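Subject: Structure for your review

Dear colleague,

Please find below the structure that I am handing over to you. I should be grateful if you would read the notes beneath it with the model open.

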Amino acid sequence: MRKAQRTKVRWWRWRRNPLRRHSDVVEARIILATWAAAVVGGVAVGAVVAQAVDGAVQHDRAERRPVTAVMVRGAPSATQDVATGVTDDHVTAEVRWTDTGGTVRTSETSVKAGTAAGSAVTV
């Protein structure tokens, strides 16, 4: 036996049809309103989040002050990624600096590969 094929009619909910039920019209309007609310809500939330992130980034930039630090130990030489063959000319190394309050700080930062111990770097 052959299975009956369904014919898909686009926009069937909006077409004039004497067999169209009131519930079909209500359903179509609810679906349309839901999609519209989702699109408008998504755009609004995206705009609010973008403004919040932009404000946070600007705040971080305003508070950041470059300092001159001294290399504690010499930085290792450039490394090459075995999988991709890409050579990275920056490595992580330990540096020391004195902040505005006079406290000596030590941390790791990205520096040019092969930088000698005692060299001044801007962090």
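The notes below cover the strands, a pocket and one threonine in a loop.

Please bear in mind that this is a predicted model.

Strand pairing

Strand β4 spans residues 90–98, and strand β5 spans residues 104–112. The two are paired in the antiparallel sense, with 9 bridges between them. Within this pairing, tryptophan 97 of β4 has arginine 105 of β5 as its bridge partner, while valine 95 is found opposite serine 107. The hairpin that β4 and β5 form has 5 residues between the strands, and glycine 102 in this hairpin adopts a positive phi near 90°.

Strand β4 also pairs with β1, which covers residues 68–71. This pairing is again antiparallel and comprises 2 bridges. Here arginine 96 of β4 is the bridge partner of valine 70.

The two faces of β4

In a regular strand, side chains point alternately to one face of the sheet and the other. In β4, the covered face carries Val91, Ala93, Val95 and Trp97. The uncovered face carries His90, Thr92, Glu94, Arg96 and Thr98. Valine 95 and tryptophan 97, whose partners in β5 are given above, thus belong to the covered face, whereas arginine 96, the partner of valine 70, belongs to the uncovered one.

The second largest pocket

The second largest pocket has a volume of about 210 Å³. Its lining consists of Arg64, Arg65, Val67, Trp97, Thr98, Asp99, Thr100 and Val123. By type, these lining residues comprise 3 nonpolar, 2 polar and 3 charged. Trp97 and Thr98 of this lining come from the covered and the uncovered face of β4, respectively.

Threonine 115

Threonine 115 is located in the loop that runs between β5 and β6, the latter being residues 120–122. Is threonine 115 buried or exposed? Its relative accessible area is 16%, and it therefore counts as buried, the cut-off being under 20%. A polar atom of its side chain lies 2.6 Å from the backbone oxygen of lysine 112. Leaving aside residues up to four places away in sequence, threonine 115 touches Met71, Gly74, Ala75 and Val121.

Yours sincerely

Technical notes: Residues numbered from 1 in each chain as written. Predicted model: local features only at pLDDT ≥ 70, side-chain atom pairs only at ≥ 80, totals over all residues. Heavy atoms only, no water. Pairing = 2+ DSSP bridges. Helix = DSSP H or I, 4+ residues; strand = E, 2+ residues; numbered from the N terminus. Buried < 20%, exposed > 50% of the residue type's maximum accessible area, 1.4 Å probe, protein only. 1 Å grid on protein atoms, 1.4 Å probe; cavity = no way out; pocket = protein on both sides within 12 Å on 5 of 7 lines; lining within 4 Å. Points joined across faces, edges and corners; volume = space filled by probe spheres on them. Nonpolar A, V, L, I, M, F, W, Y, C, P; charged D, E, K, R; others polar. Polar contact = N/O pair within 3.5 Å; in protein donor to acceptor, adjacent residues only side chain to side chain. Contact = heavy atoms within 4.5 Å.
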